[in-house]
Amino acid sequence: MSSNKSESKKQDIASPKGMRDIIGDEYYKFQGFFEKAQEVAVYYGFTPIETPILEFESTFTTAIGDGTDVIDKEMYALKTKGGDALAMRPEGTAGVMRAYIENGMTNQPQPLLFYYYGPMFRHDKPQRGRYRQFYQFGLEAMGSEKSIIDALLIKATITILEEAGAKDLVVQINSMGDKEDRISYVKELTAYYKKHANGLSPLDQERLKTNPLRVLDSKDPATIEINQGAPDIVSHLGTPAKKHFKEVLECLDQMGISYQINKNLVRGLSYYTRTVFEIEEPSAEDGTALTIAAGGRYDLLARQLGSKKDVPSMGVGIGVDRIVETPWFKDLAPRIMKKPKVYFIQVGLDAKLKSLNVIEILRKAHIPVMQALSKDSLSAQLAVAEKSGVPYTIIFGQKEAMENSVIVRNMDTRGQDCIPVSELHTYLKSLK
RNA sequence: GUGCCCAUAGUUUAGUGGUAAAACUUCGGUUUGUGGUACCGACAUCGAGGGUUCAAUUCCCUCUGGGCACCCCA
C-alpha cells in the first residue's frame, strides 16, 4: 500500500482480490444448486454437517501436508488476539474429519455420510473459475473401507452434476495404493526420472525433489514423452489395494458410469490413498476444461489428525462457482424464490399508511408481492409494475382504504375488479 | 508467485496534451387515481499514487483490480 499521504484519505471501495459479491440471480443460482445437491445427497443417505470456517492451522498442515502448494503458498493463516494460530479452511475434508474425531463419532454405526456446503479460501492468483473465496459442495463417507462406498460417492457426485445440467461426464480415475505401495512406487519412479533427468525441465526437476508424483501430470511435452515409459502405479499396487481398485471399477461398470483410468492422475493433497478421481467440465473447448469435482479416499487421515482408530474414508469436493458459470448449467431456482405475481400500488397518504397492513395480510396468505411504497404517483408505480412484468397489480387508494377493499388489475387486459380485503386471498388464489 | 494484455458514468462504448461525448439504466419533473410513448432535468475529481509538461483523462513509472497462459487447483 502506498497511501503515504494522509491517513484520512478516502479508501478505495473494493472487495479484496479474488473475492466478489454474489447478488440477485447469481445468488439464486448458487442457492438453487445447493438445494438440488442437498436433495440428491439426502437420497443417497448423506446428512448435513457444518464446520467452522476457521480451524487451527495445524489441522490443515497435518491433514493436507507440507510440501503441497495449498499449504505452503495458499493458506490464509492468522493469529488471534489470544495468540491462537488459526487458518481459513482451504478445503472441507480436514474440518469434517476433525469434527468426526472430536465428537467421538467412531461410536456410531459406520460409515457416517456427510454433506456440507460453504466457502473455502485459497490465496491463489485469480483466473477463470478460480477465486480466493470459492464455494464447495462436499460429500464425505467416513468409517468404511469398502469399495462400494467409493462407488456410491462417485455415483452421488455424478448425479448431482447431471441434475445441474451436465451431460457426457467422464470420470478420470486412478489408485494411489496403500502407504507401502506408494512408498515403493515413489522410489522406483524417482529412480526412473533420475535416469532421464536431462530431459526434464527445470520446473520438473524441482518437482522431482519436492513431490515426484507431480511430475506425472506435468504439461511439459518433453516430460510427457518421458512419462510414456514411466512405471505406473497400478501395477505396483499391493493385493488389497489392487482388489479394492478392481471392485470400484466393477461397480462403476455395473452402474454404467463411463470412466478413464488415468495413471498420471495424482492429486495435490497428500492425504489420499487408493482411489482418486476427477471430473472435468464437459463440452469445454479443448484444453480449457476445468475440474469441477474431485476427490478420493483418505484412509490414513484420521490417525494423522490424532484419532486412535483408523477411519477409512472417501470424499469429494464439487466446485460450485465453476458449475454455475458453465453454459450447460440449468438455472435451478431455489425453493424460497417465488416470483411475485402481484405488484402492490398505493395512492394517497391514508392508503400508504395502511399499506403495510395489507402486505402483511398477503404475506400470511403466502402471496409474495412487489411494491414501491416510496413512490407517490400512480403512474410512476404502474410504470415500474409494467417493467417488472407481473401479471397483476393491486391498487389501494383513498377510497379503497376507507372501504377496506382493493382494486385488482389484470395487466394484460387492463380489466379491474374491486375486491374486499377479506376476500382478497381467495380471489388471488382463484386467478392462479 | 512468473509472463502477456486491459482499466473512461450503474452498464456498454466514443474521444482528446488544454479537466470529457453517446446510448441504456437509475432518480426527479411535466402528471399523488390509472402504465409501456414523448419531453425536461440530475448523476464521471476519466481505477489509485507519483513523474514529465505552462497544462495530463491522454505520455512515462509504480500500485491496485480484471482477463489469459504457466504454477496450482474446485
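**Exercise 1. The surroundings of Thr 288**

In which loop does Thr 288 of chain A lie, and is Thr 288 buried or exposed?

*Solution.* The model under study is a predicted one.
Step 1: Place the residue in the chain. Thr 288 belongs to the loop between β9 (273–280) and β10 (291–297).
Step 2: Apply the neighbour count. A residue with 12 or fewer other C-beta atoms within 10 Å of its own is exposed. Thr 288 has 9 C-beta neighbours inside 10 Å and therefore counts as exposed.
Step 3: Relate sequence to space. Thr 288 and Arg 128 are 160 residues apart along the chain, and their C-alpha atoms are separated by 9.9 Å.

**Exercise 2. The overall form of chain A**

Describe the domains, the secondary structure and the extent of chain A, and determine why the chain is called more spread out than a compact globule.

*Solution.*
Step 1: Read the domain assignment. Domain 1 comprises 24–178 + 237–325, and domain 2 comprises 342–431. The centres of domain 1 and domain 2, taken over C-alpha atoms, are 49 Å apart.
Step 2: Count the elements. Chain A contains 15 helices and 16 strands.
Step 3: Compare the radius of gyration with the rule. For 432 residues the globule rule gives 22 Å; the radius of gyration of chain A is 28 Å, well over that value, so the chain is more spread out than a compact globule.
Step 4: Add the outer dimensions. Along the principal axes, the C-alpha atoms occupy a box of roughly 90 × 65 × 45 Å.
Step 5: Consider burial and contacts. Of the 432 residues, 35% are buried. Among contacts between residues at least 6 apart in sequence, 71% join residues at least 24 apart.

**Exercise 3. The packing of α2 against α4**

Characterise the packing of helix α2 (residues 57–64) and helix α4 (residues 93–102) by angle, axis separation and contact residues.

*Solution.*
Step 1: Take the geometry. The two helices, α2 and α4, pack at an angle of about 105 degrees, and their axes are 9 Å apart.
Step 2: Classify the angle. Angles of 65 to 115 degrees count as roughly perpendicular, and α2 is therefore roughly perpendicular to α4.
Step 3: Identify the residues. From α2, the contact uses Thr 59, Phe 60, Ala 63 and Ile 64; from α4, it uses Ala 94, Met 97 and Arg 98.
Step 4: Sort the residues by character. The contact of α2 with α4 consists of 5 nonpolar residues, 1 polar and 1 charged.

**Exercise 4. The burial of α4 and the segment after it**

How many residues of α4 are buried, and what covers them?

*Solution.*
Step 1: Count. In α4, 8 of the 10 residues are buried, and the helix is mostly covered.
Step 2: Name them. The buried residues of α4 are Thr 93, Ala 94, Gly 95, Val 96, Met 97, Arg 98, Tyr 100 and Ile 101.
Step 3: List the cover. The elements over these residues include β2 (54–56), α2, β5, β6 (133–142), α10 (301–304) and β11 (313–319).
Step 4: Follow the chain onward. After α4 comes Gly 104, with a positive phi near 60 degrees. Pro 111 lies in the loop between α4 and β5 (112–121). The peptide bond joining Gln 110 and Pro 111 is cis, with omega about 0 degrees.

**Exercise 5. Positive phi outside glycine**

Locate Asn 404 and Arg 414, and state the phi and exposure of each.

*Solution.*
Step 1: Treat Asn 404. Although not a glycine, Asn 404 has a positive phi of about 60 degrees. Its loop runs between α14 (398–403) and β15 (405–410). Asn 404 counts as exposed because 11 C-beta neighbours fall inside 10 Å.
Step 2: Treat Arg 414. The phi of Arg 414 is positive, near 65 degrees. Arg 414 is found in the loop between β15 and β16 (416–420). With 7 other C-beta atoms within 10 Å, Arg 414 is exposed.

**Exercise 6. Two partly exposed residues**

Where do Gly 65 and Glu 247 lie, and which residues does Gly 65 touch?

*Solution.*
Step 1: Examine Gly 65. Gly 65 is in the loop between α2 and α3 (69–72). A count of 18 other C-beta atoms within 10 Å makes Gly 65 partly exposed.
Step 2: List its contacts. Leaving out residues up to four places away in sequence, Gly 65 touches Ile 71, Leu 269, Ser 270 and Tyr 271. The C-alpha atoms of Gly 65 and Pro 282, 217 residues apart along the chain, are 31 Å apart.
Step 3: Examine Glu 247. Helix α9 (residues 239–255) contains Glu 247. Glu 247 is partly exposed, having 15 other C-beta atoms within 10 Å. From Glu 247 to Ala 383 the separation is 136 residues in sequence and 64 Å in space, C-alpha to C-alpha.

Methods. Residues numbered from 1 in each chain as written. Chains lettered and ligands numbered in written order. Predicted model: local features only at pLDDT ≥ 70, side-chain atom pairs only at ≥ 80, totals over all residues. Domains from an automatic or database assignment. Helix = DSSP H or I, 4+ residues; strand = E, 2+ residues; numbered from the N terminus. Rg over C-alpha atoms; globule rule 2.2 N^0.38 Å. Buried ≥ 20, exposed ≤ 12 C-beta atoms within 10 Å, placed from the backbone. Contact = placed C-beta atoms within 7 Å. Axes fitted to C-alpha atoms, helices over the stretch in contact; angles between N-to-C directions. Parallel < 35°, antiparallel > 145°, perpendicular 65-115°, else oblique. Nonpolar A, V, L, I, M, F, W, Y, C, P; charged D, E, K, R; others polar.
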